[in-house]
Structures are given as C-alpha cells and as structure tokens.
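Hi everyone, and thanks for coming. I'd like to walk you through a few spots in a structure that may be new to you. Here it is on the screen.

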Amino acid sequence: MLKRCVALVFGFLSVPSLAWAGAWTLPDGTGEWLTTLTDATSTSYLEGSAPLASTPRYDKDELQALIEYGVTDRLTAIVDPGLQHIDIAAPTNAERTGLGYTEFGARYAFLENQDQSWVLSGQATLRIPGTTETSNPAAVGYTDVESDLRVLLGHAFTLADRPAFFDLETAERVRTGGLPSEFRVDGTLGVWVLPRWLLLAQSFNVVSEGGGNPLYTGGSYDYEKLQLSAVYKLTPTWSLQGGGYTTYAGRNALAENGLIFGVWRRF
C-alpha cells in the first residue's frame with residue numbers, strides 16, 4: 001500500500017494552487033503544467049479581534065500557468081507566469097488588467113528515504129512584477145521584485161486505508177519597494193478517497209515583518225486562508241481541479257473569498 005501511495009503522490013503532486021508546491025521533485029526528463037483560474041472578491045477587511053470593517057469592493061481574477069520540469073531526479077525547474085484583472089469600486093475607482101508576477105526558480109530534494117515516502121527539499125524563486133505603476137491603487141503589492149525562499153517537508157502515508165500525503169512549508173518572502181517582507185507557513189493534506197478522486201485541504205498563513213500596508217493603516221498585518229478542493233483524474237496525464245477558499249482570520253488584511261478551477265497536464 002505504501003509503494004502505491006508514493007506512486008500516487010508522484011502522479012498528482014508538485015502541482016500547486018495558490019502558491020503551493022509539493023516537497024517532491026519530478027523524475028528526470030518529465031514535466032507538468034497547471035493552468036489555474038481564481039476568482040476572488042472582498043467587501044470587508046479584517047481588524048484582528050474587532051468586527052469586520054467595510055471597504056470598497058475588491059475583485060481580483062488571476063490566470064496562472066505553472067510549468068515544472070525535472071532537470072534531474074532531485075532538481076526541478078519552475079516557471080510560473082500569470083495574468084490578472086483587479087477592480088476596486090468607488091470611492092477608490094481603480095482598475096488594472098495585465099501581467100501579474102512571473103516566477104523563475106527551482107526546487108531541490110536534499111533528503112529522501114529509500115521509498116521516497118519522506119522528502120525534505122528547498123525551493124528558491126525570483127518574482128518579477130508585471131507592472132511598475134505604483135500610482136494605481138489596483139497595482140498595490142504587484143510592482144516590485146520579490147524573492148521566495150522556502151523549506152518543504154513531504155510525507156506519503158495511508159489514512160483509513162486510503163493513500164494520503166501531507167506537505168508542510170515555511171518561507172521567507174523578501175519584498176522591495178517599501179513593502180514589508182513576509183514569513184509564510186503553508187500546509188496541505190491530500191487524501192485519495194477514490195481511485196480517480198483526490199481531496200485537498202490547504203492552509204496558507206502570512207505574517208508581515210514590520211509595517212507598511214498602504215491599503216489600510218500602514219501597520220503590520222497577517223492573514224490566514226483555508227482552501228478546499230477536489231481533483232479528478234481524467235486520464236493518466238490530464239486532471240481537473242475545482243474548489244474555493246476563504247480568509248477566515250487576520251489583521252489589516254482583506255477578507256477575501258474565492259473560487260478556483262485548474263487544469264493539470266503531465267508530460
């Protein structure tokens with residue numbers, strides 16, 4: 001069962017949604033791409049323990065196309081371009097459509113046991129902004145070069161006799177242009193409830209390292225998101241993903257809720 005579980009992990013993993021990438025690397029000479037569409041909106045922001053505060057409606061649509069390729073069994077190259085549309089209602093009245101961030105980088109497996117049920121890896125990416133239009137409120141947070149450095153731990157196991165895995169990641173998001181850097185902790189639990197169905201529960205957590213949020217108080221901020229989705233394996237190489245996420249806690253941050261749809265392809 002454990003060998004089958006690890007094989008299923010390689011069949012589905014390393015394909016992220018909302019900045020998640022599994023700790024496992026791709027086998028040498030194989031690749032995958034994932035196109036993900038997210039549609040999110042918010043009409044309030046979080047003030048910590050205080051009730052939600054009203055804010056102009058903030059709508060964001062993003063289309064990302066992650067491509068990963070196994071350079072060696074331990075080294076996976078990463079390219080992740082994206083498009084976005086942001087619309088902020090009155091009284092802000094701001095809008096932007098164009099390139100979002102494009103990431104370039106790699107993930108390397110430092111340690112793994114013989115059956116690869118445990119893996120410890122590191123990942124580094126450079127994030128290039130699609131705009132430098134700092135005067136546009138709809139471009140806030142998307143105008144400066146960033147880097148993302150993270151450590152990833154993955155484990156494949158069985159849960160109630162079903163193949164499963166978890167992935168834990170800690171990251172330092174180094175930001176420029178006056179915005180604070182961020183400490184991030186992401187977690188994923190995946191369970192194959194049926195041969196073709198994978199259920200994913202994911203948590204994304206961000207804490208700013210200092211103040212500088214230009215949208216609200218200018219102070220420090222944090223937020224926690226929960227995402228639930230299901231993946232259906234159409235063929236050995238094609239899969240579909242659908243789900244949603246919510247920002248359930250935070251401080252000086254938008255209370256975003258969104259839907260996601262993804263198409264996965266292995267090659």
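Before we look around, one rule to keep in mind: two rings of Phe, Tyr or Trp count as a pair if their centres lie within 6.5 Å, and for Trp the six-membered ring is used. Please also remember that this is a predicted model.

So, how many aromatic pairs does that rule give? The count is eight. Let me show you one of them. Phe165 and Trp192 have ring centres 5.4 Å apart, and their planes meet at 55 degrees. Planes under 30 degrees apart would be stacked and those over 60 edge-to-face, so this pair falls in between and is called tilted. Along the chain the partners are 27 residues apart: Phe165 belongs to strand 9, residues 162–175, while Trp192 belongs to strand 10, residues 182–194.

Are these two residues buried or exposed? Both Phe165 and Trp192 have a relative accessible area of 1%, and because buried means under 20%, both are buried. They also have company, since Trp24 joins Phe165 and Trp192 in one aromatic cluster.

Now for another pair, Trp197 and Tyr232. Here the centres are 4.8 Å apart with 45 degrees between the planes, and this pair is tilted too. Trp197 sits in strand 11, residues 197–208, and Tyr232 in strand 12, residues 222–233, so the pair ties together parts 35 residues apart in sequence. The surroundings are another matter: Trp197 is partly exposed at 36% relative accessibility, and Tyr232 is partly exposed at 27%.

Rings can have charged neighbours as well. If you find Tyr101, you'll see the charged end of Arg127 over its ring, 4.2 Å from the centre.

Let me finish with a residue that has no ring, Thr76. You'll find Thr76 in strand 3, which covers residues 75–80. Its relative accessible area is 0%, so Thr76 is buried. What does Thr76 touch, leaving aside residues up to four places away in sequence? The list includes Thr25, Leu26, Glu68, Tyr69 and Arg107. Take Thr25: that residue is 51 residues away along the chain, yet the two C-alpha atoms are separated by 5.6 Å. As for Leu26, the side chain of Thr76 reaches its backbone nitrogen at 2.8 Å.

That's my tour. Do go and turn the model around for yourselves, and I'm happy to go back to any of these spots.

Terms used:
Residues are numbered from 1 along each chain as its sequence is written. This is a predicted model: local features need pLDDT of at least 70, side-chain atom pairs count only at pLDDT 80 or more; totals for chains, interfaces and linings use all residues. Side-chain values use heavy atoms; hydrogens and water are left out. Helices (H or I, at least four residues) and strands (E, at least two) are DSSP runs, numbered from the N terminus. Buried means under 20% relative accessible area, exposed over 50%, partly exposed in between (1.4 Å probe, protein chains only). Contact means heavy atoms within 4.5 Å. A polar contact is a pair of N or O atoms within 3.5 Å; within protein, one must be able to donate a hydrogen and the other to accept it, and residues adjacent in sequence count only if both atoms are side-chain atoms. A charge sits over a ring if NZ of Lys or CZ of Arg is within 6 Å of the ring centre and within 35 degrees of the ring normal.
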